[in-house]
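Take a look at the structure below. This report walks through the ligand site, the empty spaces and the charged pairs.

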Amino acid sequence: MAYSWEKNVRTVDPYTPGEQPSDKNIIKLNTNENPYGPSEVIKSVIASMDDDYLRRYPDFAATDLVNELAAFHNVSKDKVFVGVGSDDVLAMCFMTFFNSDKPIIFPDITYSFYPVWAEMLRIPYETIPLKEDFTIDTDEFVKKGSVSGGVVIANPNAPTSILLGKKSIIDIVESAKDSVVIVDEAYVDFAEVGASALDLIDTYDNLIVVRTFSKSRSLAGLRVGYAISNPKMIKYLNDVKYSYNSYTMNYPSIVIGSAVIKDNDYFENVIAKVKNTREWFSDELKNLGFAVLPSSTNFLFASPQDGSAKEIFEAAKKEGILFRYFNQPRINDYLRITIGVDDDMKKVISFLRDFLTK
Ligand SMILES: *Cc1c(COP(=O)(O)O)cnc(C)c1O
């Protein structure tokens with residue numbers, strides 16, 4: 001029986017994150033976490049954290065973290081916004097900038113949180129199908145950009161792993177000049193040099209670039225994300241954030257997050273290792289007959305020859321190997337496999353070889 005207050009409830013179909021099993025022996029390749037933990041430098045920062053600060057409110061402006069990010073990206077600090085993971089930053093962006101009656105646009109196959117925020121915040125949206133080869137249809141985005149209420153592009157895209165070229169990003173940003181374009185660069189650190197749209201923020205006043213510490217910087221558990229844009233957009237974002245919850249960044253996140261940005265050699269080393277393993281693993285998958293999309297991320301999106309993605313997903317799970325499988329049109333014969341450490345990826349290849357030759 002429905003309660004009478006239920007008609008006034010804001011109902012939503014929530015985003016479903018990948019499983020987080022408690023069994024540590026599972027080879028966990030389902031949520032694109034970094035397989036390499038924090039460096040010794042970061043562990044000592046954690047150990048020496050000033051516990052007196054836990055009883056106090058944190059610096060609401062997260063000044064240390066903002067300053068480190070500004071220095072790292074060589075921008076002024078009024079161009080940096082920080083949040084509790086990029087999910088928080090993206091939600092704030094949707095809330096702040098997508099406030100018209102016109103639909104926002106994003107690809108039909110992309111980060112599945114975008115339609116969830118749109119639904120929750122009552123933002124009209126329209127999806128633009130990826131092309132047959134799973135690349136973003138730049139021409140369609142350019143055509144619809146000028147009449148849209150905003151644009152969201154994950155670049156590289158997820159779960160396809162494919163990078164959209166800089167020229168296409170520029171064309172889309174130029175076409176949508178009366179609305180805000182969010183480029184979600186969760187995986188850009190695994191892409192080629194020059195892939196980021198960050199160097200365009202001074203040219204286009206409608207562009208905002210969102211990044212996360214969860215993938216390339218091995219800190220999914222800490223929840224740190226940020227955005228870079230012009231000072232005007234950052235001010236509008238902060239106004240919304242402070243109207244919602246003024247202390248979003250906790251003290252450990254500010255301290256550890258700042259230290260991680262300074263720990264650049266370790267970061268570059270981890271990226272290089274993941275990219276090496278990705279190239280090796282991609283070749284192995286192709287040898288096993290998989291079609292593998294060209295990845296600029298820390299995961300591969302791959303389809304087995306015989307249409308058995310779902311069976312492989314289920315069989316792997318029984319063996320303690322967790323992939324991500326999306327039971328949705330167009331991609332229900334693909335597996336999304338995060339790049340783990342070499343030993344684990346070797347085990348995955350031998351599991352797949354056994355499965356496919358059975
Ligand atoms: C993982 C991911 C995010 C969110 O990451 P956070 O952990 O919230 O920073 C955002 N966008 C895409 C495309 C992602 O894959």
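## The ligand and its neighbours

Which residues are around the ligand? They are G85, S86, D87, L90, Y111, D184, A186, Y187, T212, S214, K215 and R223. Keep in mind that this is a predicted model. Helix α3, residues 85-97, gives the largest share of this shell, with four residues. By class, the shell holds four nonpolar, four polar and four charged residues.

Oxygen atoms of the ligand come up in several polar contacts. A polar backbone atom of S86 is 2.6 Å from one ligand oxygen. For Y187, an N or O atom of the side chain is 2.6 Å from a ligand oxygen. K215 uses a polar side-chain atom, which lies 3.0 Å from an oxygen of the ligand. On its own, the ligand has 390 Å² of accessible area, and the protein covers 92% of that.

## The second largest pocket

Rolling a probe the size of a water molecule over the atoms shows where empty space is left. The second largest pocket holds about 580 Å³ of space. Its lining has 24 residues, and H73, D189, S196, L198 and R211 are the closest to its centre. Two elements give two or more residues to this lining: α2 (63-73) and α9 (264-287). The top contributor is α9, with five residues. The lining divides into 11 nonpolar, five polar and eight charged residues.

## Two cavities

How many cavities of 30 Å³ or more does the structure hold? It holds two. The largest has a volume of about 90 Å³. Its lining residues are P38, I42, S216, R217, S218, V260, D263, Y266, F267 and V270. Here α9 gives the most, with three residues. Six of the lining residues are nonpolar, two are polar and two are charged.

The second largest cavity has a volume of about 50 Å³. Its lining is made of F72, H73, E185, A186, D189, R211, T212, S216, R217 and Y226. At least two of these residues come from α2, and at least two from β7 (207-212). This lining has three nonpolar, three polar and four charged residues.

## Salt bridges

Side chains of opposite charge can pair when their charged atoms come close. The count of salt bridges comes to 21. One of them joins D108 and R330, with the closest N and O atoms 3.0 Å apart. D108 sits in the loop between β3 (104-107) and α4 (113-120), and R330 in the loop between β11 (321-322) and β12 (335-338), so this pair ties together parts that are 222 residues apart in sequence.

Notes. Residues are numbered from 1 along each chain as its sequence is written. This is a predicted model: local features need pLDDT of at least 70, side-chain atom pairs count only at pLDDT 80 or more; totals for chains, interfaces and linings use all residues. Side-chain values use heavy atoms; hydrogens and water are left out. A residue is near a molecule or strand if one of its heavy atoms lies within 4 Å of it. A polar contact is a pair of N or O atoms within 3.5 Å; within protein, one must be able to donate a hydrogen and the other to accept it, and residues adjacent in sequence count only if both atoms are side-chain atoms. Accessible areas come from the Shrake-Rupley method with a 1.4 Å probe; for residues, only the protein chains shown count as cover. Ala, Val, Leu, Ile, Met, Phe, Trp, Tyr, Cys and Pro count as nonpolar, Asp, Glu, Lys and Arg as charged, and the others, Gly among them, as polar. On a 1 Å grid over the protein atoms alone, a cavity is a set of points where a 1.4 Å probe fits but cannot get out, and a pocket is an open set with protein on both sides within 12 Å along at least five of seven lines; lining residues have an atom within 4 Å of a point. Grid points are joined across faces, edges and corners, and a volume is the space filled by probe spheres set on the points. A salt bridge is a side-chain nitrogen of Lys or Arg within 4 Å of a carboxyl oxygen of Asp or Glu.
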